[in-house]
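Let's take a walk through this structure together, one piece at a time. Keep the view open beside the text and follow along.

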Amino acid sequence: MADPMRIRARIEGDQCVVRVLIGHEMETGQRRDATGRLVPAWFIQRVTATTGGRVVFSASWGPAVSKNPVIQFSYAGAKVGDRIQVTWVDTRGDRRTDEAVVSA
Amino acid sequence: MDKVRRTFVNRGARVALFGAAGPLLALGTCAQAQSAPPAPDWAQGVFGARTLLEAVRAMGGTAVIETRDVSWGNTPDIAENGLVVPISIATTLAGVESIGLYIEKNPTPVAALFEVPAGTRPSFRTNFKLGESSNIYALVKAEGRVLVARHEIKVTIGGCGG
């Protein structure tokens, strides 16, 4: 099982600013190991965030996203105490969902 | 004797098929019911684009049309480490549906496609790998049109094995 994400969601002005740190190797499929063999591609392809059933972030990624990806985005209409869920799915079909509470 | 064996094998195969199909079907519906939309068909979609024009077309545009309404925030002009380059893209255009990032010199140039749900600001930041110094392009789909903005990043240490 992959490591939990670190999610911070804070209200700044009229926006809720969300910062996410994901633990993932994000192998491009271009890198060779010590013996010269290509390391197979293995990276996150989809990331979504929802709050109260509403999608507030939705992205598709290629192999160029860095190892241990960070994301920042913001959305309107959040209240302190709202719960936000972030889900990723990688090329192996592994997935992980974590939750955070919106703070002031 | 042979016939008996055939019947047995056939029956066995049918049972095995039936047995396997049950859980498979269940898995299928389960995966669909669970949150997040399925991963896009990757090579066929925008991520298969090998030129800027192909990427624009994959997003529904027809030609490379420039815009000045994109700001690159804290995106560097010079990156010391190509493995971790923070790229910020924001736009003041109205009616933004999605924003793509195209890194010209990367083996897979399309790096990300951010959809912009109603209420979410067309402003994103993520770290990317750059194999070498490259032009990068933001592809903004707004009100049915795809507009493109360019930024140049010089990399002093490569992001691919370097």
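Strand 4 of chain A makes a good starting point: six of its eight residues are buried, so this strand is largely enclosed by the rest of the structure. Please keep in mind that this is a predicted model.

What does strand 4 of chain A pair with? Within its own chain, the partner is strand 3 of chain A, and the two run antiparallel over six bridges. To find this pairing in your view, look for Arg46(A), which stands opposite Ser60(A) in strand 4 of chain A. The two strands form a hairpin with two residues between them. In that turn sits Gly52(A), whose phi is positive at about 55°.

Strand 4 of chain A also reaches across to the other chain, where it pairs with strand 6 (residues 110-115) of chain B. This pairing is antiparallel too, and it has four bridges. Two residue pairs let you trace it: Trp61(A) has Ala112(B) as its bridge partner, while the partner of Ala59(A) is Phe114(B).

That brings us to the interface as a whole. How many residues of each chain take part in it? On chain A there are 31, in contact with 31 residues of chain B. Several strands of chain A each supply at least two residues to the side that touches chain B: strand 3 (44-51), strand 4 (54-61), strand 5 (70-76) and strand 6 (83-90). Sorted by class, that side of chain A has 15 nonpolar, 13 polar and three charged residues.

Now have a look at a sheet that draws on both chains. It is an open sheet of six strands, in the order 1(A)-2(A)-5(A)-7(B)-4(B)-2(B), with antiparallel pairing. At its edges stand strand 1 (6-12) of chain A and strand 2 (70-71) of chain B; each has a single partner strand, so one side of each is left without a neighbour in the sheet. For strand 1 of chain A, strand 2 (residues 15-21) of chain A pairs with it in the antiparallel sense over seven bridges. Here Arg8(A) stands opposite Arg19(A) in strand 2 of chain A.

Next, find Trp88(A), which lies in strand 6 of chain A. Is Trp88(A) buried or exposed? With 25 other C-beta atoms within 10 Å, Trp88(A) is buried, because the cut-off for that is 20 or more. Beyond its neighbours within four places in sequence, Trp88(A) is in contact with Ile22(A), Ile44(A), Arg46(A), Val47(A), Arg95(A) and Arg96(A). Arg46(A) is the residue you met opposite Ser60(A). Met5(A) is 83 residues from Trp88(A) in sequence, yet their C-alpha atoms are 9.7 Å apart.

Finally, turn to chain B. Its secondary structure comes to two helices and nine strands, and from the N terminus on the order is α-α-β-β-β-β-β-β-β-β-β. Of its 162 residues, 32% count as buried. Among contacts in chain B between residues at least 6 apart in sequence, 66% join residues at least 24 apart.

One residue to visit here is Ala142(B), in strand 8 (residues 134-142) of chain B. Ala142(B) has 19 C-beta neighbours inside 10 Å, so it counts as partly exposed. Setting aside neighbours within four places in sequence, the contacts of Ala142(B) include Leu93(B), Gly95(B) and Leu147(B). Ile87(B), 55 residues away along the chain, has its C-alpha atom 20 Å from that of Ala142(B).

Notes. Residues are numbered from 1 along each chain as its sequence is written. Chains are lettered from A and ligands numbered from 1 in the order in which they are written. This is a predicted model: local features need pLDDT of at least 70, side-chain atom pairs count only at pLDDT 80 or more; totals for chains, interfaces and linings use all residues. Two residues are in contact if their C-beta atoms, placed from the backbone, lie within 7 Å. Ala, Val, Leu, Ile, Met, Phe, Trp, Tyr, Cys and Pro count as nonpolar, Asp, Glu, Lys and Arg as charged, and the others, Gly among them, as polar. Two strands pair if DSSP finds at least two bridges between them. A residue is buried if 20 or more other C-beta atoms lie within 10 Å of its own, exposed if 12 or fewer, and partly exposed in between; C-beta atoms are placed from the backbone.
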